[in-house]
Amino acid sequence: MSERKVLTKYYPPDFDPSLVGRSRKPKQIGPKVQTVRLMAPFSMQCTACGEFIYRGRKFNSRKETPPEEKYLNIQLYRFYIRCTRCSGEIVFRTDPRNQDYVVEKGAKRNTDPWKRGLDNGHADETVEQRLDRLEREMAEADGDGDSRALLLGEERNAMAELEAKTADAKREMAVADALDEIRSRNARLEKAQREAGAGGLDVGDMMMSAAAGGQEEEARRRQDEEDAEAARRAFAFARRQEMLEEEILEDDDDDVAAAVAGGSAPTNTSRLDSVAEEEESASSVPLPATTTTKTTTTTTTTTTTTASTDMPQPPSFKRVVKKKKDRATLLGIKKKAP
């Protein structure tokens with residue numbers, strides 16, 4: 001570690017640089033080989049010992065680049081790894097045509113890529129060829145050579161069948177609703193007939209009684225409306241009386257304030273006379289007892305306010321120092337004498 005950053009090296013006294021020549025190795029023949037670190041691209045099982053190698057396991061592998069193996073000018077790569085249990089060699093290569101990997105030696109895949117047709121000798125077939133093969137297999141299994149035509153016909157008629165099923169479902173729902181309505185109406189009629197039979201009445205009498213009940217309901221409704229209108233009028237009259245009382249109180253307060261400002265006692269004889277006249281006129285009209293009581297109370301309050309002429313004392317803004325509480329005594333702490 002100490003010689004890692006040394007700029008000068010040690011040369012012995014008998015060192016002869018002419019004896020050190022540049023050795024040229026022969027040019028490598030064959031595919032290019034590199035040592036790379038990779039992860040297993042798929043789950044596999046070793047054929048020698050049966051060890052399972054999961055996807056993502058890291059290996060130190062040899063990467064081989066064969067120059068003659070290409071697909072549409074895309075280079076293929078071959079990788080060599082060893083089993084983690086028996087050290088058996090496992091070889092797999094890239095498959096750019098199917099965007100996958102192909103195991104060549106030493107292992108087998110846990111999940112075969114059957115969706116892409118890479119096994120059973122069908123690795124080189126196209127999509128159309130694969131479809132034709134699957135259709136032939138289905139025809140052979142069914143024992144009918146016209147299975148393809150039948151399948152196409154079923155695909156064409158699928159939409160028509162769906163529309164027919166939707167229409168049938170709607171029709172069934174409408175019939176069910178109509179049946180429910182008919183059943184409920186029949187139940188009502190049966191109940192009415194039973195009640196008529198128990199009371200000794202026929203259907204005509206029941207209809208007449210129902211009409212009479214409707215007239216009673218209408219009369220009751222009209223009576224309720226008349227009661228509501230009378231209550232509304234009574235409440236409106238009470239609100240008007242309260243508003244008049246408030247106006248009288250405000251006028252009396254204004255007269256008192258003007259008298260105090262002028263230095264003379266307020267004289268409300270005319271106001272009192274008008275109030276007395278209003279009371280006499282109101283006595284002739286029958287009013288609720290609560291209204292007269294409120295009027296008398298307002299007159300008494302006005303007389304008391306006019307009689308009082310003493311002005312209140314102005315507030316004092318002198319600072320008052322509060323005495324501190326002796327909390328030490330409350331807690332039982334004795335103070336030291338000075």
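Does R78 count as buried or exposed, and at what relative accessibility? At 11% relative accessibility, R78 counts as buried, where buried means under 20% relative accessible area, exposed means over 50%, and partly exposed lies in between (1.4 Å probe, protein chains only). The model is a predicted one, so to speak of local features takes a pLDDT of at least 70 and side-chain atom pairs count only at pLDDT 80 or more, while totals for chains, interfaces and linings use all residues. Residues are numbered from 1 along each chain as its sequence is written, and side-chain values use heavy atoms, with hydrogens and water left out.Start with the surroundings of R78, which lies in strand β7; strands (E, at least two residues) and helices (H or I, at least four) are DSSP runs, numbered from the N terminus. Two acidic side chains turn up here. A polar contact of 3.0 Å joins the side chain of R78 to that of E69, and another, at 2.8 Å, runs from the side chain of R78 to the side chain of E104. A polar contact is a pair of N or O atoms within 3.5 Å; within protein, one must be able to donate a hydrogen and the other to accept it, and residues adjacent in sequence count only if both atoms are side-chain atoms. With neighbours within four places in sequence left aside, R78 is in contact (heavy atoms within 4.5 Å) with R62, K63, E64, P66, E69, V91, F92, R93 and E104.

Two residues from that list, R62 and K63, also show up over aromatic rings. The charged end of R62 sits over the ring of Y80, 4.5 Å from its centre, and that of K63 sits over the ring of Y77, also at 4.5 Å. The criterion is NZ of Lys or CZ of Arg within 6 Å of the ring centre and within 35 degrees of the ring normal.

S61 belongs to strand β4 (residues 58–65). S61 is buried, with a relative accessible area of 1%. Leaving out residues up to four places away in sequence, S61 touches Q34, T35, V36, L38, F79, Y80 and I81.

Now for the nonpolar side. A nonpolar core is a set of buried Ala, Val, Leu, Ile, Met, Phe, Trp, Tyr and Cys residues joined through side-chain atoms within 4.5 Å. The largest one has 13 residues, and those with the most contacts inside it are L38, M44, I53, F59, I81, I90 and F92. Strands β2 (44–46), β7 (78–82) and β8 (89–95) each give two or more residues to this core. As for F59, its contacts beyond four places in sequence are V36, R37, L38, A40, I53, I81, R82 and T84.

Aromatic pairs come next: a search of the whole structure finds five. Rings of Phe, Tyr and Trp (its six-membered ring) pair if their centres lie within 6.5 Å; planes under 30 degrees apart count as stacked, over 60 as edge-to-face and the rest as tilted. F42 and F92 make an edge-to-face pair, 5.8 Å centre to centre with 70° between the planes. This pair links distant parts of the chain, with F42 in the loop between β1 (32–39) and β2 and F92 in strand β8, 50 residues apart. Both F42 and F92 are buried. Ring pairs also tie F42, F79, F92 and Y101 into a cluster.

F42 reappears among the contacts of Y54, which are A40, F42 and S43 once neighbours within four places in sequence are set aside. Y54 lies in the loop between β3 (52–53) and β4. Y54 and M39 are 15 residues apart in sequence and 9.6 Å apart in space, C-alpha to C-alpha.

Two loop residues have unusual backbone angles. Most residues other than glycine have a negative phi. L72, in the loop between β5 (70–71) and β6 (74–75), has a positive phi near 55°, and L72 is exposed, with a relative accessible area of 68%. S87, in the loop between β7 and β8, has a positive phi near 60° and is partly exposed at 43%. The C-alpha atoms of S87 and C46 are separated by 9.8 Å, with their positions 41 residues apart along the chain.

Finally, the overall numbers. The protein has six helices and ten strands. Of its 338 residues, 16% count as buried. Residues 24 or more positions apart account for 37% of the contacts with a separation of 6 or more. The protein exposes about 28,500 Å², of which carbon and sulfur atoms supply 55%; accessible areas come from the Shrake-Rupley method with a 1.4 Å probe, and for residues only the protein chains shown count as cover.
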